[in-house]
Amino acid sequence: MFSQISRRQILQAGSSGFGWLAMSQLLHESCAAEVQGSHHPATAKNVILCYMSGGASHIDTFDPKPRLQKEAGKPMPVKVERTQFNNNGNIFPSPFSFKQYGESGIPVSSMFPHVAESVDELAIIRSMTSTVNEHAQGNFFFHTGFPFIGHASAGAWINYGLGTENKNVPGYVVLKSGGSGVPHGGVGQWSSGYLPAQHQASIVQIDGAEAVANIRPREADVIQRERLSLISNLDNQFSKRVAHDPQVEAAIRNYETAYQMQTAIPELVDLSTESKSTQEMYGIFSDNSQTAGYGKQCLLARKLVESGVRFVELTCLPQTPGGSQAANPWDQHGGLEVGHRNMAMQVDQPIGGLLKDLKSRGLLDQTIVIWAGEFGRTPFSQGSDGRDHNSLGFTVWMAGGGIKGGTIHGATDEYGYHVVGQKRTIYDLWATVLHQMGVDHEQLTYRYSGRDVRLTDVHGHVIHEILA
């Protein structure tokens, strides 16, 4: 009898208790047959990506340029390349001061006093470049290695390569809070692309009524199990008829993961179980609602990697609740001093707290923390007090997971415009992350459309200089 009923009809008939199965493509469970495994001993197990969507200015954060102060207001002495808006002014000095911190004496902007306290844990790459200079393309390029939709995100690749350590929660999670938005380009930048569907990101709204839509069970457990058993039997029959198609197999496994998440996710997102001092360290009690909102993401990120989640990405909140720049809040084409100060106030204490907390718990040794945006900003002004996009040279930093702290790698010129030493690419960044996790980026491939595709495409070199 059941062979005469379509899969769609079965799901519709059983929908009263399983509305939450609609999100199954976002839920993961590692499949041993698909996990590639490590290629060499790993020094890291997890990744936390603090993504500064919009393009934080390197010359105002971690790459000070005194020459900008000396030549403020003068025309650039070198050729100015086309910019996003091509409304280019003269040399614009940083409105922020810099101070040396730690045993390494690395200079950090006055915007980041909390992060600066952990500067000896950071490897600051001042020579990062991108091939694109527009937000959506830049976001896709950073996350997937390609400047357009349809490819797998780094988090998906890592899950595909290594699998999750906890079958009850997704292996790749994106956190949102306080109205934080999706960077330009949309959720496709967190996609599994052509990889099996269980590897794409699950989006968790920390401060929502439900962290994941319909995560609370609507019926008794015994009924859910019976319903899952029925659907599993039907799906397995269907899977045999389509020669065990990977996407069908992924959907079947996701049902069971979704069931397990009903208990695991509410427990994980409950931050009240953390001590008051820990929550204070992350800024959760801050009078600044953006600091508090981002602090919740950082604290939950620690809990997630502690529970075995492979890859966690954090999203920035708009400067004003309900504001118009939710997708790119670091994008100050005007009013850079105010805008960057607001954004640093939002993320500095939470990220500083995250670094300290991970280290105190022995988790920093196995967790790579990345601070990065899609590009940097120009050393000359846009209008009177903004900066346009600059992909020719910018800064990212990494910490933990066998990364050599207190390190500066690469350099931009005296204006912070072009890279002049040890030029690096996004491919190099991900090659290095994979290497630390025991994976050779050239060997982690997936056969798609007649080609062995990989995260680093046909590029990428491990940055050995920043490895401990």
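Which residues in α9 meet which residues in α10? In this predicted model, the α9 side of the contact is made up of Q290, T291, Y294, G295, C298, L299, R302 and V305. Facing them from α10 are M345, Q346, V347, Q349, P350, I351, L354, D357 and L358. Sorted by class, the contact of α9 with α10 has 10 nonpolar, five polar and two charged residues. The spacing along α9 invites a brief reminder: an α-helix has 3.6 residues a turn, so residues three or four places apart point the same way.

The geometry of this pair is easy to picture. Helix α9 spans residues 289-306, and its axis comes within 8 Å of that of α10, the two crossing at roughly 25 degrees. Because angles under 35 degrees count as roughly parallel, α9 is described as roughly parallel to α10. The crossing of α9 past α10 is right-handed.

Turning to charged side chains, the structure holds 20 salt bridges. One of these joins D331 to R377, with 2.9 Å from N to O. This pair links distant parts of the chain: D331 sits in the loop between β8 (311-315) and α10 (336-360), whereas R377 belongs to strand β10 (residues 376-377), 46 residues apart. Both partners are covered. D331 has 8% relative accessibility and therefore counts as buried, and R377 is buried too, with a relative accessible area of 0%.

A second bridge brings together E465 and R424, at 3.3 Å from N to O. E465 lies in the segment after β19 (451-453) and R424 in strand β17 (residues 424-425), so this bridge ties together parts that are 41 residues apart in sequence. Here the partners fall into separate accessibility classes: E465 counts as partly exposed at 39% relative accessibility, while R424 is buried at 11%. Beyond such pairs, salt bridges that share partners join E274, R302, E306, D357 and R361 into one network. Two members of that network, R302 and D357, also appear in the contact between α9 and α10.

K65 and D63 supply a further salt bridge, their closest N and O atoms being 3.4 Å apart. Both ends are again covered, K65 counting as buried at 13% relative accessibility and D63 at 1%.

Helix α11 (residues 426-436) offers a view of a mostly covered element, with 10 of its 11 residues buried. The buried set consists of I426, Y427, D428, L429, W430, A431, T432, V433, L434 and Q436. After α11 comes G438, whose phi is positive, near 85 degrees.

Positive phi values also turn up in residues other than glycine. In N86, phi is near 55 degrees. This residue lies in the loop between α2 (66-70) and β2 (88-91), and N86 is partly exposed, with a relative accessible area of 39%. D457 likewise has a positive phi, near 55 degrees. D457 is found in the segment after β19, where E465 of the salt bridge with R424 is also located. In contrast to the partly exposed N86, D457 counts as buried, at 14% relative accessibility.

Technical notes: Residues are numbered from 1 along each chain as its sequence is written. This is a predicted model: local features need pLDDT of at least 70, side-chain atom pairs count only at pLDDT 80 or more; totals for chains, interfaces and linings use all residues. Side-chain values use heavy atoms; hydrogens and water are left out. A salt bridge is a side-chain nitrogen of Lys or Arg within 4 Å of a carboxyl oxygen of Asp or Glu. Buried means under 20% relative accessible area, exposed over 50%, partly exposed in between (1.4 Å probe, protein chains only). Helices (H or I, at least four residues) and strands (E, at least two) are DSSP runs, numbered from the N terminus. Axes are lines fitted to C-alpha atoms, for helices over the stretch in contact, and angles run from 0 to 180 degrees between N-to-C directions. Angles under 35 degrees count as roughly parallel, over 145 as roughly antiparallel, 65 to 115 as roughly perpendicular and the rest as oblique. A crossing is left-handed if the near helix is turned anticlockwise from the far one by less than a right angle, and right-handed if clockwise. Contact means heavy atoms within 4.5 Å. Ala, Val, Leu, Ile, Met, Phe, Trp, Tyr, Cys and Pro count as nonpolar, Asp, Glu, Lys and Arg as charged, and the others, Gly among them, as polar.
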